[in-house]
Amino acid sequence: MTSTGYETLHFSQATPPGPNQADVPNLLRTIASTIETLGPITVADLIMHNEPTAEGNWPSITVYYSKHDPE
């Protein structure tokens, strides 16, 4: 029996803790930069989380993706 499918990978990123930790535009630029370094991938989902801290909100994003098979 042959199985077909693909492997879903993921990574999470947040801005560094501190006074600019709630900077969502910077977080999105960082995520975009990381995605570009991964080569040919298909992004399946992006999930943003928000952690309340004493310094304010601290967002992070988890990216779920799969790599393209070489043809």
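Q: Leaving aside its neighbours within four places in sequence, which residues is threonine 62 in contact with?
A: In this predicted model, threonine 62 is in contact with His10, Phe11, Ser12, Asp45, Leu46, Ile47 and His49, once its neighbours within four places in sequence are left aside. These residues are called contacts because they have heavy atoms within 4.5 Å of heavy atoms of threonine 62.

Q: Why is threonine 62 called buried?
A: A residue is counted as buried when its relative accessible area is under 20%. Threonine 62, which lies in strand β3, has a relative accessibility of 6%, and therefore it counts as buried.

Q: What makes the pairing of the side chains of threonine 62 and serine 12 a polar contact?
A: The cut-off for such a pair of N or O atoms is within 3.5 Å, and one atom must be able to donate a hydrogen while the other accepts it. The side chains of threonine 62 and serine 12 are joined at 2.6 Å, so this value meets the distance part of the rule, and the pair is listed as a polar contact. The side chain of threonine 62 also makes a polar contact with the side chain of histidine 49, at 3.4 Å, which is again within the 3.5 Å limit.

Q: Why does serine 60 count as buried or exposed?
A: Serine 60 has its place in strand β3, which covers residues 56-67. Its relative accessibility is 18%, and because the limit for buried is under 20%, serine 60 counts as buried. Leaving aside neighbours within four places in sequence, serine 60 is in contact with Gln13, Ala14, Leu27, Ile47, Met48 and His49.

Q: What makes β1 and β2 the edge strands of the sheet?
A: The sheet is open and has 3 strands in the order β1-β3-β2, with antiparallel pairing. Strands β1 (9-14) and β2 (41-53) each pair on one side only, and they are the edge strands. On average, neighbouring strands of this sheet are turned by 20° against each other, with direction ignored.

Q: How do you know that β2 and β3 are paired?
A: Two strands count as paired if at least two bridges are found between them. Strands β2 and β3 share 12 bridges in the antiparallel sense, and therefore they satisfy this rule. Among the bridge partners, leucine 46 is matched with valine 63 in β3, and threonine 42 is matched with serine 66 in β3. A hairpin through 2 residues joins β2 to β3.

Q: How do you know that β1 pairs with β3?
A: Here 6 bridges join β1 to β3, which run antiparallel, and because at least two bridges are required, the pairing is accepted. One of the bridge partners in β3 is valine 63, which is matched with phenylalanine 11.

Q: Why does the span of helix α1 agree with its number of residues?
A: Helix α1 (residues 24-37) has 14 residues, which at 1.5 Å a residue should span 20 Å, and its end C-alpha atoms are 20 Å apart, so the two values agree.

Q: What makes aspartate 23 a cap of α1?
A: A side-chain oxygen of aspartate 23 lies 3.1 Å from the backbone nitrogen of asparagine 26, and in this way aspartate 23 caps the N-terminal end of α1. Just after α1, glycine 39 takes a positive phi of about 80°.

Q: Which pattern does the protein chain follow along the sequence?
A: The protein chain has 1 helix and 3 strands, and read along the sequence it follows the pattern β-α-β-β.

Technical notes:
Residues are numbered from 1 along each chain as its sequence is written. This is a predicted model: local features need pLDDT of at least 70, side-chain atom pairs count only at pLDDT 80 or more; totals for chains, interfaces and linings use all residues. Side-chain values use heavy atoms; hydrogens and water are left out. Helices (H or I, at least four residues) and strands (E, at least two) are DSSP runs, numbered from the N terminus. Buried means under 20% relative accessible area, exposed over 50%, partly exposed in between (1.4 Å probe, protein chains only). Axes are lines fitted to C-alpha atoms, for helices over the stretch in contact, and angles run from 0 to 180 degrees between N-to-C directions. The expected span of a helix is 1.5 Å times one less than its number of residues.
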